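Colleague: Before I rely on the labels attached to this protein, I would like to hear the reasoning behind them. Could we go through them one by one?

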Amino acid sequence: MDTNIIPSLTEDQCWRAVLDRDSNGDGRFVYAVRSTGIFCRPSCPSRRAGREQVTFYALAEAAARAGYRPCKRCRPERTEVVHPHSATVQAVCRSIENHEEGVQTLAHLGAETGLSPSHLQRLFKSLMGISPRQYAEAVRLERLKRGLKDGEPVASALYGAGYGSSSRLYEKAPVRLGMTPASFAKGGRGANITYAIVDHAGLGPLGKLLVAATERGICMVALGSADAELERDLHDDYPLAALRRDDASLSEWVSAIVDLAEGHPPHADLPLDIRATAFQCRVFEQLSAIPCGKTRSYGEIAAALGQPGAARAVGRACATNPVAVVVPCHRAVGASGSMRGYRWGLDRKQALLARERKEQQSR
Ligand SMILES: [Zn+2]
C-alpha cells in the first residue's frame, strides 16, 4: 500500500471485504481500480476488478488526490468515515478546501484539530500520501480549472483560486490545464491500437461490441453484427494505425461499456483518446449531461451551447462520434423527438433508449 495506512485493517482484510461487498468496510477505506480510474466503497454492487488492478485508500480524498474519480453508483465520497484518525484528516481537508485565500500554516491547522503541527503533518501524510501544503496547492489548482471551465476570465479565475499573481500559475500549472489532444495524428498515424470484440449476452439486440484503445485511452467503441464489419469500421477510422486484436487486455473497459449498453448509469469515467474539434468536444460534453433514458433534440443541444442556429452542426458532431454509448449520442433526436440517424443503425439507437428507460423505471 504505497504510502497509505488504513487504520486497523490489513490489505488482505480490505480485499476480502471488497470481494464480499461487505458494508462494514464502508467508511473504513475505499478501493481504486487502475484500469477504470474509479474508486468505490467496498459494498459497491459494480463488477469486481482483478486484485492486481486495485489500490486501497483510507480516505476518498486520498484516492481523488491520486487521480481517481468517485464511482457514480456507490458515491464513496459521501460515506461517513469510521476511524477517528480518518475523521481528523478529513476535517483538515475540508478546512483547506474552504479556505479561499493563501495557504494556512500547519500551526493554524493543528490548532483547529488539537494536534501539534508535527503530529498533524505525520498523520495527514500517512493517510493522504501528501502533506497538507501539497494538498492545498492541488485544491487551488482545481478551483482555478473549474473557474476557467465555467468561462470565468483568467484573471478573476486566478484570483478566485487564491493565486496572488498570474506568474505563479504559469510556473506550476501548464501541463495540467486544458484539454488533452489525441495522442495520434489524423487517420491514426502513430497510434498503436489494441481492440477487443465481444459478443456479450447483456448486449442482446445490440449485437457485437468493439472497443479499441491506445495506451492513453479508448479511441473507438462501435456496435455491429459481425467481426469483419466491426474491423472494417475500425480500419476506416484509423487506416494509418497499427491495429492488434487482444480481447483479454481490455476486459475492464469492455465490462464497464457493457454495463452502459445495458442501460445502467455510468459508474466509471472512461478515459478517452479521440480526435475532436473544440465544437465536437462541447457537443460531446452536452450529450454526456443528458440523463440516462432521456433525449434532447439537436436544436436543444445547440441552444444549450449558446448557438441556437447550430442544430445541423450538432447533428454532424453526433454522426461522427467515435465512441458509441460512452458518449451517448443515441440520446440526441430530431425535433419533436423523431429518431434520426445513428451511425450504428436506428434499431440499435431505439434499443439503447428502451433499455435505459426500462432500467430507470426499475429503480
Ligand atoms: Zn462503486
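Modeller: Let us begin with burial, where a residue counts as buried under 20% relative accessible area, as exposed over 50%, and as partly exposed in between. Please keep in mind that this is a predicted model.

Colleague: Why is cysteine 219 called buried?

Modeller: The relative accessible area of cysteine 219 is 0%, and because the label applies under 20%, cysteine 219 is buried. Cysteine 281 has a relative accessibility of 16% and therefore also counts as buried.

Colleague: What makes arginine 21 partly exposed?

Modeller: Its relative accessible area is 35%, and since values between 20% and 50% are called partly exposed, that is the label for arginine 21. This residue sits in the loop between helix H1 (11-19) and strand E1 (30-33), and has a positive phi of about 50° although it is not a glycine. Most residues other than glycine have a negative phi.

Colleague: What makes arginine 75 partly exposed?

Modeller: Arginine 75 has a relative accessible area of 28%, so it too is partly exposed. Arginine 75 lies in the loop between E4 and H3, and its phi is positive, about 50°, although it is not a glycine.

Colleague: How do you know which residues are the protein donors of the zinc ion?

Modeller: A sulfur atom is taken as a donor if it lies within 2.8 Å of the zinc, and the SG atoms of Cys40, Cys44, Cys71 and Cys74 lie 2.2 to 2.5 Å from the ion. Along the chain these donors follow the spacing C-x3-C-x26-C-x2-C. Cysteine 40, in strand E2 (residues 38-40), and cysteine 71, in the loop between strand E4 (69-70) and helix H3 (84-98), are 31 residues apart, so that the pair links distant parts of the chain. Both cysteine 40 and cysteine 71 are buried.

Colleague: Why is the arrangement around the zinc ion called tetrahedral?

Modeller: The four donor atoms subtend angles of 105 to 121°, and because four donors count as tetrahedral if all angles lie between 85 and 135 degrees, the arrangement is tetrahedral.

Colleague: What makes H3 and H5 roughly perpendicular?

Modeller: The axes of H3 and helix H5 (residues 117-128) come within 10 Å and cross at roughly 100°. Because angles of 65 to 115 degrees count as roughly perpendicular, H3 is described in that way relative to H5. Among the residues that meet are Val89 and Val92 in H3, and Leu123 and Phe124 in H5.

Terms used. Residues are numbered from 1 along each chain as its sequence is written. This is a predicted model: local features need pLDDT of at least 70, side-chain atom pairs count only at pLDDT 80 or more; totals for chains, interfaces and linings use all residues. Side-chain values use heavy atoms; hydrogens and water are left out. Donors are N, O and S atoms within 2.8 Å of the metal (3.2 Å for Na, K and Ca); water is not among the atoms, so sites may look incomplete. Four donors count as tetrahedral if all angles lie between 85 and 135 degrees; four count as square planar and six as octahedral if opposite donors are over 155 degrees apart and all others between 65 and 115; anything else is irregular. Helices (H or I, at least four residues) and strands (E, at least two) are DSSP runs, numbered from the N terminus. Buried means under 20% relative accessible area, exposed over 50%, partly exposed in between (1.4 Å probe, protein chains only). Axes are lines fitted to C-alpha atoms, for helices over the stretch in contact, and angles run from 0 to 180 degrees between N-to-C directions. Angles under 35 degrees count as roughly parallel, over 145 as roughly antiparallel, 65 to 115 as roughly perpendicular and the rest as oblique. Contact means heavy atoms within 4.5 Å.
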